[in-house]
Amino acid sequence: MAARKLAALFAAVLQLCLCQITPEVLPEFLAPLENHTVIQGRDVSFTCVVNHLQSYRVAWIKSDSRAILAIHTRMVTHNPRLSVTHNGHNTWKLHISNVQKNDSGSYMCQVNTDPMRSQMGYMEVVIPPDIMDDESANGLVTHEGGNLRLRCVATGVPKPTVTWKREDGRKIVLREDGQKQLLDTYEGETLELTGVQRQEMGTYLCIASSGVPPRVSKRYTVSVHFEPLIRVTNQLVAAPVDSDVVLQCYVEASPQAMNTWYRDSGERNAW
């Protein structure tokens, strides 16, 4: 009987010792915190999955500014666009609505163990291209042989690429050091047109793109002024007496010419 009691006591002590040396099961993350690339104005969420949380707490932190955003489901920040939800088990979500450019940066999901455990995700906010208003685009006029500068300033994140092309599909003509280049497209914010000829008037398109949809474009109308050029298909027109006759005169001019007919006698006729 005494041996039985002694064995039971020994078993109890052994069990107590085992309990004391059994390590605590610490919280662990089941999936990495995702990275996001988001268009400005949209909504996004970070998802943090933690097992064995026990009495510890989950906190959300903006890493680059070290600002505490939320602890468990209680918001610390006063930003109304941020909120946190918990599924009642092991998943916490940080929601950011109407994302803005200053929301870019690193976000941390942290558990207050000692030492603390955490994981980070990064969010990049991108902005679709936009072309700044330029009133000079409405009055691009030069005399034949003159020069014009077309300027198209595009904004966006990442910085957009600006490409020029002619709306009618004809080549862009560039002249430099007596050399002439014919291009389907030209890349750059400023398009320098030198020694402009009448054939180069028309609509030029500035297209801004960055990989963030949508790409945008703007029309620039180029006008070239030149003296009237007259062409007559038939200089001599014969017709029977008392019959009708048509005299044709083709005039090429910019701006549009006002045409008047005169007889050899100097008498002016307008029809």
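Two strands are said to pair if DSSP finds at least two bridges between them. This criterion applies to the predicted model shown in the views below.

**Figure 1. Overview of the protein chain in the predicted model.** The secondary structure comprises 1 helix and 23 strands. The chain has 271 residues, of which 30% count as buried. Its exposed area is about 18100 Å², with carbon and sulfur atoms supplying 52%. When contacts between residues at least 6 apart in sequence are considered, 58% join residues at least 24 apart.

**Figure 2. The hairpin of β5 and β6.** Strands β5 and β6 (residues 74–75) run antiparallel and are joined by 2 bridges. Ile71 has Arg74, in β6, as its bridge partner. There are 2 residues between the strands of this hairpin, and His72 takes a positive phi near 55°.

**Figure 3. The hairpin of β4 and β5.** The pairing of β4 with β5 is antiparallel and extends over 4 bridges. Lys62 is bridged to Ala67 of β5. In this hairpin 4 residues lie between the strands, and Arg66 in the turn has a positive phi of about 60°.

**Figure 4. Surroundings of Ser104 in the loop between β8 and β9.** Ser104 has a relative accessible area of 14%. Since buried means under 20% relative accessible area, Ser104 is therefore classed as buried. Neighbours within four places in sequence aside, Ser104 contacts Lys62, Asp64, Met123, Glu124 and Val125.

**Figure 5. The largest nonpolar core, of 23 residues.** Phe46, Val58, Trp60, Ile96 and Met123 touch the most other members of this core. Two or more residues are given to the core by each of β3 (44–51), β4 (58–62), β5 (67–71), β7 (82–86), β8 (91–96), β9 (105–111) and β10 (117–131). Strand β3 provides the largest share, 4 residues. Another core lies apart from this one; it has 20 residues, among them Ala137, Leu150, Leu174 and Ala208.

**Figure 6. Contacts of Phe46.** Residues up to four places away in sequence are not counted in this view. The residues that Phe46 touches include the aromatic side chains of Trp60, Trp92, Tyr107 and Tyr122. Leu33, Leu94, Ile96, Gly121 and Met123 are also among its contacts, as are Glu34, His36 and Lys93.

**Figure 7. An open sheet of 4 strands.** The strands follow the order β1-β3-β8-β7, with antiparallel pairing. β1 (28–29) and β7 stand at the edges; each has a single partner strand, so one side of each is left without a neighbour in the sheet. Antiparallel strands β1 and β3 are joined by 2 bridges. Phe29 has Val50, in β3, as its bridge partner.

**Figure 8. Strand β11 (residues 140–143) and its two faces.** Leu140 and Thr142 make up the covered face, whereas Val141 and His143 make up the uncovered one. β11 pairs with strand β20 (residues 216–231) in the parallel sense over 4 bridges. Val141 has Ser223, in β20, as its bridge partner.

**Figure 9. A nonpolar patch on the surface, formed by Val237, Val245, Leu247 and Trp261.** Together these residues have about 340 Å² of accessible area. Trp261 belongs to strand β22 (residues 261–262). Its relative accessible area is 33%, and Trp261 is partly exposed. Patches are made of residues with over 30% relative accessible area, so the 33% of Trp261 satisfies that requirement.

Conventions. Residues numbered from 1 in each chain as written. Predicted model: local features only at pLDDT ≥ 70, side-chain atom pairs only at ≥ 80, totals over all residues. Heavy atoms only, no water. Patch = residues over 30% accessible without salt bridge, like charges linked within 9 Å, V, L, I, M, F, W, Y side chains within 5 Å. Areas by Shrake-Rupley, 256 points an atom, 1.4 Å probe, with all protein chains shown as cover. Salt bridge = Lys/Arg side-chain N within 4 Å of Asp/Glu carboxyl O. Buried < 20%, exposed > 50% of the residue type's maximum accessible area, 1.4 Å probe, protein only. Contact = heavy atoms within 4.5 Å. Core = buried A, V, L, I, M, F, W, Y, C linked by side-chain atoms within 4.5 Å.
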